[in-house]
Each structure stands twice: as C-alpha cells, then as structure tokens.
Amino acid sequence: MNVTPFHQHLEELYQNFLSLKEGNVADYIPELAKVNEDQFGIAIITVDGHVYQVGDSKSEFSIQSISKAFTYGIALEDNDQSFVESKVDVEPSGEAFNSISLEPDSGRPKNPMINAGAIATSSLVKGETGQEKIDRIIDVFGKYTGRKLDIDFDIYESEKNTGHRNRAISHLLRNYDILSGDPEEVLDVYFRQCSIKVTCRDLALMGATLANDGVNPITGIRALDSEQIPNVLGVMASCGMYDYSGNWIYRVGMPAKSGVGGGIVAVLPGQLGLAVFSPRLDDKGNSVRGIAVCEAVSKTFDLHMLHSTRTTTSSTIRRSYDGSSIRSKTVRDISANRVLDKYGKDIRVFDLAGDMQFVSAELVMHEIMAYENLPSHIILNFRHVSSINHAATQQLCDLSTLLTNKGKIVIFIGMPKSFGFTNKLKLLLTDSTNWPMMDFPDLDRALEYCEEQLLENYDWVPLSTSSPVRLEEQPICLDMSNDEIDYLENHLKRKTYDTDQVICCEGELADRMFFVELGQVSVWVNIDSNRKRRLNVIKEASSFGEASLLGTKKRIADIVSDKKSVISWFEPAALFQDTSQISLNIQKKLFKNLASQTFEKLQRSDKEIRSLSK
Ligand code: DON
C-alpha cells in the first residue's frame, strides 16, 4: 500500500521521542532488567483494521499488567457480574500497582487493575485447574491478537522466584475467602498470564478489538462479549494507570492499561487501539515514552474521548424520498404509472447510515413524527447502518408500535445479519401485530410491495389478470391500424412459460422482440459467478427485448418468468426484410413508440436524480 500522510506523522512522532531516555527498566523481576531499554515502537490499528506501525513494533516483550484488563473481561464472561463484583470492587485505589488495597472487613480488592484485584480476577477464569485457566487466558488473548501466543518462561520463572509480595497478597486473599482453593495455584496462573509475550502491534490490535465492540477488526473473530466492553473499558479508564489514572484521563482521555514490560495500550471506543512499547518506566511503573507519545497522539489527532462528535440529521439520514420520485424497477403500464405519480407520496423511504444510538434513533423518530400527514407506508433502509445498540433498537420498536397502531405499514430492510437486530426486535416487540415487515430482500421488493398496495387502495384496474393482453393494448403498438396489428399478429409466435422458467439468457443473440401478454417476468443480471441481482420486473402489457430492433446485439441479462406467463414474440429481422408499405408503417410506429417510451424513462430518471440530489 502507498504510504499515507498518517504514516509520516507517526514516523515524525517516533523521531521526536527517540531522544527521551528518562526512566528505568523494571528490575524487581531480575529477568526484566535484561531487556534492551532502547527499544521503542508505536502501533495504531483502526476499527477498520488499518495498521500503522513504526520502530520496534514487532519485537516481543512480556504483557505484564496489561493482561489484567483482558483477564477481567474473561472473568466477567465466565461468571455472574455481581459475583465478580463481590470478589473485586471497581473503585480506583489511587495507589501503586502492588498496593494492598483491600476493603477493611471483607478483604475485597479495590479494583481488578492492581495486583490484589488481578490475582482475584485470575481465579475467576473458568477452569478446574490452574492449567485450564491459563490455557483459556492464552486462547482468548490469541483471539484479540489474531495469532497464537506463548509464555516467556524465563520471565515467568524469574517472577515466580522473586514475587514474594504477590505471594503474600494471594495468601491474604485466601484468608479473606476472596480466593478459594490453593492460593499458589492461582498465583501461578497470574505469573504466567503476566509473562505472555506480545508485540506492540499485538497490543494495538487488542485495543482495536475493544474499540470495535469486542470483534477483532482484522480476523472478524469476537474476543469479548459486547455487553462486557463498557465494564472492561470502565476499569481501564478509572484504574488502568494506577496512581497516574486521574492525570491520564485528563491529559490523554482514553481508557488504557500499562505494564512493567514497557507496554501501554489505549483504546478510543469506536475508533482505534494505540500501543506504545518502550521499557524505561517512571516511578509509578508506567512507560515514560509511552505516556509522552500517547499524550502527543491524543493532542495532535484530537483523540480525547470527551471530544464527542455530534450526531446530525445528515449523518443519520443519508436521504429520504417518496414513492412518486423513486419507483421500484417494476415496468408497469401507463395507467398504473399515473396512479403512482399522483399517490406515490404516501410511500416514504428513509436511507439510514452510521451508528444507530440513542440520539440517532431519536432523530429518525423526530423526522418521521414531524409529518403532519404521516405517509401510509414507511420504509427504513438500514443498508448503510454500521451498528445498532440496545437503546436505538428499543426506540425503533416504540416507533414501529406507534405507527402500526395508527394503521401505517412499517418496513425495515437491509439489516445485516451480524447485528442480531431482527432477533432483538422480536424479543422486544412481544405483540407480534406491531412488528414491522422485515422479510423483503431489498429496497426494490419493498417498494414494489408498497406500490401494489397503493394501486389496490386507489382502485387501479389492471388491463387483464386472466386473459392475455391483446397486441393493440401494448404501448409499443400504439396508433397501429387494425391491418398493421393483424400483420404483426400473423408473424407472432407464442408460448406459455411456467414459474422460474428461463425465457432468454445473457450472451444470446438478441433477435426477438417479446410481449408479456399474461403473467410477469423478471430481468436478472449476473454480478459474479454466484451472485445475481434482479434488475426489474416486467408485467402484462409491457414488452422487452427492444435491442432486437437495433440490429445484431447480445442480450445483457437473463429473463425468467415469475409465474405462469404467456409470452409472444416476433423477429424484427424478418419485418425489416419486407419492404411493403404496411411493414414500413409498422417499423416507423415501433421506433416512434420506442422513442417515446425511452423518453418517459429518461424523464423518470431525471426525477429520481433530482430527488436524490436534494
Ligand atoms: O505483579 C507484578 O509485579 C507484575 N507481574 C505485573 C506488574 C505490572 O506490570 C505493573 N504495571 N505497571
């Protein structure tokens, strides 16, 4: 990929902080003191999976305390939230990472980010044995990083041999029954989880996964339940940087977690994960360069989470239009078109976009309820919506209930399956009479349905539903005399097609002009080898295959009958060979009618373009 200006910004930032050499590597774990203290890497990964990295972003180091946040997520998934909270509180301690901040009577640690809380958290991971617990931790962390992770056994052994304070904390927790079972076994899980080897890129991806509602933006694999995201980010925001947490949230403004291995990961929800690796630490155990870089990145790119963006009507409703300006692709006869031109305003489509949250859903509601005369058919198109949260789902349910109670038809289309939105709606809407219609595969089918309903409501009578439409009723035969109709009729062939029977295929020679006398056919284009798209529908009293009037052309679509249909056709080449006056007259009229049909289509397209550009 080409280097983007953002790559260059990151490179500059890296160069600016290379000379910052304050702080010292952690040496209370002897093995940690051996790392190359000059290492320095920065990585940013967006929720779209775009990766930006500079410096030593691919060298491995031990995750240390950063593991605490992710293990807390696992503990919440594996237990009832209230049970987890009964074992570990979520209150910032304002003290060092290894402080023994326990509630006086219960012995409950202050939060899961200090060692005492983290050891208690590790014990809550599902697993009969310590081995099962650590296997689960490594497995879940691997979902965040998109690669299998390993333990640095030298660091693990080193901490195990020297971690007397953590050993004391474990036994104290056992004394208060915060831990059950063998405190040494839990301690071993904790030491192992701290020794898992990651890179700066891994950390950025772990952050981006939290930013992306728990789904790894590169692999698409979910690492954490969506409902636990605020819990994990909440403790990271309030406690992740220990006794620097207040300053951090004030200056950098992103939930974050640091580790004595020199890593820091920060998360901007909905946007990105940022990670820095530089082993020199300040006296609070946080990477000196890590803090400086995160502050600079946050300031330079306005990443403080409290710089909230405003949800606007234009970012939520891409466009809104009615059924008189935008039609389904169904080809209808003139009288039906007139009804729809006149009454199509009763169909209103809202193309929604972006993240549907409380305020965006409220905007949609407000916009709809502002109509003095509510349209009879309301289509909400979610095709460009990237997410829908619970509050928005609830509001859309309320809207559907209100509108259906007023006798309106509400249609929801284009909800990606991944939202689980349809199921959530069905759970919330206990009274099925208020369900919006949700089974249309696309906007065109929904529009077609609404148009049929309008035509029915306005007593439009089709030319025929039981007997075939006569040739003189076909718009392309307008103004033909009885003799001319008879002439054409004598050259017609006719066939009845069953449902789903192919009438002609893409690539075939277009040498026939067809009339739909009864039934209905669809025009399908092949998007690729296994995907087709219905382009339009052609009803009785309409023709297709006009390309055959224009010489030797190939068919550009498949035509398939939608139901039992009577189709007739003639071969224009034979007509052109006959130079008799009657044949010439017919040719002239066919071309004139084709030109006026094409002009009408152009006018309709103009109207569509105008309404879409509003
Ligand atoms: O508990 C310990 O001492 C280490 N294994 C982890 C400490 C840590 O990373 C503190 N964070 N800055």
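The following exchange goes through some labels used for this predicted model.

Mentor: In this predicted model, local features need pLDDT of at least 70, side-chain atom pairs count only at pLDDT 80 or more, and totals for chains, interfaces and linings use all residues. Residues are numbered from 1 along each chain as its sequence is written, and side-chain values use heavy atoms, with hydrogens and water left out.

Trainee: Why is tyrosine 242 called buried?

Mentor: Buried means under 20% relative accessible area, exposed over 50%, partly exposed in between (1.4 Å probe, protein chains only). Tyrosine 242 has 5% relative accessibility, so it counts as buried. Tyrosine 242 lies in the loop between helix H10 (229-239) and helix H11 (245-251). Helices are DSSP runs of H or I with at least four residues, strands are runs of E with at least two, and both are numbered from the N terminus.

Trainee: What makes isoleucine 100 partly exposed?

Mentor: Its relative accessible area is 41%, and partly exposed covers the values between 20% and 50%. Isoleucine 100 sits in the loop between helix H3 (81-87) and helix H4 (115-123).

Trainee: Why are H4 and H8 called roughly perpendicular?

Mentor: The axes of H4 and helix H8 (residues 183-194) cross at roughly 105 degrees and come within 9 Å. Angles under 35 degrees count as roughly parallel, over 145 as roughly antiparallel, 65 to 115 as roughly perpendicular and the rest as oblique. H4 and H8 are therefore roughly perpendicular to each other. Among the residues making the contact (heavy atoms within 4.5 Å) are Ile119 of H4 and Tyr190 of H8.

Conventions
Axes fitted to C-alpha atoms, helices over the stretch in contact; angles between N-to-C directions.
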